[in-house]
Amino acid sequence: MVLVAGIDSSTQSCKVVVRDAETGALVRQGRSAHPEGSEVHPDHWWTALQKAIADAGGLDDVSAVSVGGQQHGMVCLDGDGNVVRPALLWNDTRSAGAAAELVMTAGGGDSAAGGQYWADATGTVPVASLTLTKLHWLARNEPENAAKVAAVCLPHDWLTWRLAGYGPGSGAEGLAALATDRSDASGTGYYSTARGEYLPDVLSASLGHVPALPRVLGPLEAAGQTPGGALLAAGAGDNAAAALGAGAGLGDVVMSLGTSGTVFAVSGRPAADPSGLVAGFADAAGHYLPLVCTLNATRVFDATAALLDVDLPAFNELALSAGHGAGGLTLVPYFDGERTPNLPDATGSLHGITRANYTASNLARAAVEGVVCSLADGLAALQEQGVEARRILLVGGGAQSTAVQTAAARLLGTTVCVPRPGEYVADGAARQAAAALTGRFPDWTLDAVELSPGTDDGGVLARYRRFASLYT
């Protein structure tokens, strides 16, 4: 049996799965927690990865490894390969002002013109999550650190680099060995998804100089080898890896409910949305991955369950016990600000409260419907970009909630498939590792439950959109 390993280095934790390269059968797995916060030293990721590998029984018998990682995070290295400062993660919003400045400057003071410029140049209009805006913030707020930056990479790039035996003190030789893939490069803000190349002028205008950047590998290319001889695949951004793990192909839309909510499609052509709602990313298999991301997903359920003093299974039962539409309650779930729409300083709101409908079950149902409606708006934005939505693959921790599944079937207007629970990002990375090893992506069987489209007979989505529009 030939074994491959897939790694998911996410915001909250590191997971490792070891699978049979031919069948995809799970052999063993491990995990370890990451520290909380939106600013983390990369050494914590490395420590967590070593613990997760040990928990998974080690990698001595593994032939290929791939890393799927949280996108956008800014990892800055000096000329010796040392980390200049703790990494700013995708969910760090301090660069929101820098993002707005980049858009306005490109448009000569006109945000619409600036949005069009960025959509044409990179496929994505700058928001606080992108690496470029964080570098722009760094140059303005920490110029001494900005001047030290000899190379910039992303979380999965850095971990792949460390797995190849590089690290602090590696110097110029080590920096030259940095590698990434199209999916993660396309989320930096200084890479053209459509043309497949870096934009050094864009980077120079934000950071003040052009540092070394990871070479961009194709879907089947290898980044190198571990000191033990295992092949290192190109790796991928977490959403692109999740698409591989969920078995998504052309015409499929993946809706993921985790810490953040994402809606993304495997598409045959790049997206360029000047409004900024849709990010024009690439996928990990040679196609494109137009994507909408929200900051608020399962943590809305966590917060509401805590308010109601119940655990998540009881929260799910409460939501199921309420009728479709939550008796008229509508929750706009911008608890942590929002990325789509771009409202970093927004707060959530609850509408339509009466003495009759203000119950625990209706509040739980409104939380579920608010999150699903937010993602339904993301689906609509993809469809406006010409994306085909043949079916929805509902994944992530929140997708296992029967209340979420019921709401999705009613509100999304198309067939919903719920794949068996799994570590989709780590599984997708393992599938990429198998592809790098064999020269083709394996066809691993994926069980799923299919839900037929329901009817939003209460006008829940229209009501949600009416209240959400008050923010813009």
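Trainee: How does the lining of the second largest pocket divide by class: how many nonpolar, polar and charged residues?

Mentor: This is a predicted model. The second largest pocket has a volume of about 510 Å³. Its lining counts 35 residues, with Leu 244, Ala 246, Gly 247, Ala 248 and Arg 431 closest to the centre. By class, the lining holds 20 nonpolar, eight polar and seven charged residues.

Trainee: Which elements give two or more residues to the lining of the second largest pocket?

Mentor: Two helices and two strands qualify in the second largest pocket. The strands are E22 (391-395) and E23 (416-419). The full set is H10, E22, E23 and H15.

Trainee: Which residues lie nearest the centre of the largest pocket?

Mentor: The largest pocket holds about 1100 Å³ of space. Its lining has 46 residues. Nearest its centre are Leu 257, Gly 258, Thr 259, Gly 396 and Gly 397.

Trainee: Which helices each supply at least two residues of the lining of the largest pocket?

Mentor: Strands contribute here as well, including E2 (13-20) and E19 (288-294). The lining of the largest pocket divides into 17 nonpolar, 21 polar and eight charged residues. The helices that each supply at least two residues are H10 (238-245), H11 (298-307), H12 (312-321) and H15 (424-438).

Trainee: Now the closed spaces. What volume does the largest cavity have?

Mentor: Rolling a probe the size of a water molecule over the atoms shows where empty space is left. The count comes to six cavities of 30 Å³ or more. The largest cavity has a volume of about 80 Å³.

Trainee: How many residues of the lining of the largest cavity are charged?

Mentor: The lining includes Trp 90, Asn 91, Leu 295 and Pro 344. Asp 92, Glu 338 and Arg 339 also line the largest cavity. Four lining residues are nonpolar and four are polar. The charged ones number three.

Trainee: How many nonpolar residues are in the lining of the second largest cavity?

Mentor: About 50 Å³ of space lies in the second largest cavity. Among the residues lining it are Val 125, Val 127, Leu 277 and Cys 293. Three lining residues are polar and one is charged. The nonpolar count is six.

Trainee: On to salt bridges. How many residues apart in sequence are the parts that Arg 140 and Glu 101 tie together?

Mentor: The structure holds 17 salt bridges. In one of them, the side chains of Arg 140 and Glu 101 meet at 3.7 Å, N to O. Arg 140 lies in helix H4 (residues 131-141) and Glu 101 in helix H2 (residues 96-106), so the pair ties together parts that are apart in sequence by 39 residues.

Trainee: Which helices do Arg 465 and Asp 377 lie in?

Mentor: Arg 465 and Asp 377 form a salt bridge, with their closest N and O atoms 2.5 Å apart. The pair ties together parts that are 88 residues apart in sequence, because Arg 465 lies in H16 (residues 460-468) and Asp 377 in H13 (residues 360-384).

Trainee: Is Asp 457 buried or exposed?

Mentor: Asp 457 forms a salt bridge with Arg 410, the closest N and O atoms being 3.3 Å apart. Asp 457 sits in the loop between strand E24 (448-451) and H16, while Arg 410 is in helix H14 (residues 402-411). Arg 410 has 28% relative accessibility and counts as partly exposed. Asp 457 has 60% relative accessibility, and exposed means over 50%, so Asp 457 counts as exposed.

Trainee: Which residues do salt bridges that share partners join into one network?

Mentor: The network holds both acidic and basic side chains, with Arg 85 and Arg 94 among them. Asp 92 is in the network and also lines the largest cavity. The members are Glu 39, Arg 85, Asp 92, Arg 94 and Glu 142.

Trainee: Last, backbone angles. Is Ala 326 buried or exposed?

Mentor: Most residues other than glycine have a negative phi. Ala 326 has a positive phi of about 55°. Ala 326 is found in the loop between H12 and strand E20 (330-332). Its relative accessibility is 0%, so Ala 326 counts as buried.

Trainee: And Asp 309: buried or exposed?

Mentor: Asp 309 is not a glycine, yet has a positive phi of about 60°. Asp 309 lies in the loop between H11 and H12. Its relative accessible area is 69%, so Asp 309 is exposed.

How values were computed:
Residues numbered from 1 in each chain as written. Predicted model: local features only at pLDDT ≥ 70, side-chain atom pairs only at ≥ 80, totals over all residues. Heavy atoms only, no water. 1 Å grid on protein atoms, 1.4 Å probe; cavity = no way out; pocket = protein on both sides within 12 Å on 5 of 7 lines; lining within 4 Å. Points joined across faces, edges and corners; volume = space filled by probe spheres on them. Nonpolar A, V, L, I, M, F, W, Y, C, P; charged D, E, K, R; others polar. Helix = DSSP H or I, 4+ residues; strand = E, 2+ residues; numbered from the N terminus. Salt bridge = Lys/Arg side-chain N within 4 Å of Asp/Glu carboxyl O. Buried < 20%, exposed > 50% of the residue type's maximum accessible area, 1.4 Å probe, protein only.
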